[in-house]
Amino acid sequence: MENNKDLRDIEIAKLAFIGASIAALGDGIGALAAGLALESLEKDYYTQNNSRHAPRVESTKIQLDHFINELIQIRNIVR
């Protein structure tokens, strides 16, 4: 009976870990969206003012690849 309780506690802990990991990734994706919005506003601003020196922002694809790799790592840990 105690063994079943331990297994249940482990499963609950795994679910908590998955939930926290997904929430953290969601925060990262939210930050990425805010960065994209900022990049768009800056691009519009610099285009309107004919500036040639718009600041560089890390590639969106690289950031999304990072989040996907994080999800894959979490999936592999949970298995």
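Does Glu70 count as buried, exposed or partly exposed, and at what relative accessibility? Glu70 counts as partly exposed, at 28% relative accessibility, where buried means under 20% relative accessible area, exposed over 50% and partly exposed in between, for a 1.4 Å probe and protein chains only. The structure is a predicted model, in which local features need pLDDT of at least 70 and side-chain atom pairs count only at pLDDT 80 or more, while totals for chains, interfaces and linings use all residues. Residues are numbered from 1 along each chain as its sequence is written, and side-chain values use heavy atoms, with hydrogens and water left out.

The protein contains two helices and zero strands, these elements being DSSP runs (H or I of at least four residues for helices, E of at least two for strands) numbered from the N terminus. Of its 79 residues, 8% count as buried. The exposed surface of the protein amounts to about 6,600 Å², of which carbon and sulfur atoms supply 59%; accessible areas come from the Shrake-Rupley method with a 1.4 Å probe, and for residues only the protein chains shown count as cover.

Helix α1 covers residues 2-48 and helix α2 residues 60-78. For the 47 residues of α1, a rise of 1.5 Å a residue gives an expected span of 69 Å, which agrees with the 69 Å between its end C-alpha atoms; the expected span is 1.5 Å times one less than the number of residues.

Two packed helices are described by the angle between their axes and the distance between the axes. Here the axes of α1 and α2 come within 11 Å and cross at roughly 180°, the axes being lines fitted to C-alpha atoms over the stretch in contact, with angles from 0 to 180 degrees between N-to-C directions. The two helices are therefore roughly antiparallel to each other, a description that applies to angles over 145 degrees, whereas those under 35 count as roughly parallel, 65 to 115 as roughly perpendicular and the rest as oblique. Contributors to the contact (heavy atoms within 4.5 Å) include Phe17, Ile18, Leu25 and Leu32 of α1, and Leu64, Phe67, Glu70 and Ile74 of α2. The residues of this contact divide into twelve nonpolar, four polar and two charged, with Ala, Val, Leu, Ile, Met, Phe, Trp, Tyr, Cys and Pro counted as nonpolar, Asp, Glu, Lys and Arg as charged, and the others, Gly among them, as polar.

Within α1, Ser21, Leu25, Gly28 and Leu32 are buried, and the buried residues of this helix pack against α2. On the side of α2, Phe67 counts as buried at 14% relative accessibility. Residues up to four places away in sequence aside, Phe67 touches Leu25, Gly28, Ile29 and Leu32; its C-alpha atom is 6.7 Å from that of Leu25, although the two are 42 residues apart in sequence.

Further pairs link distant parts of the chain. Glu70, also in α2, has its C-alpha atom 7.9 Å from that of Leu25, 45 residues apart along the chain. Arg75 of α2 is partly exposed, with a relative accessible area of 43%, and its C-alpha atom is separated by 8.5 Å from that of Ile18, 57 residues apart along the chain. Leu15 of α1 counts as exposed at 61% relative accessibility, and the C-alpha atoms of Leu15 and Val78, 63 residues apart along the chain, are separated by 9.0 Å.
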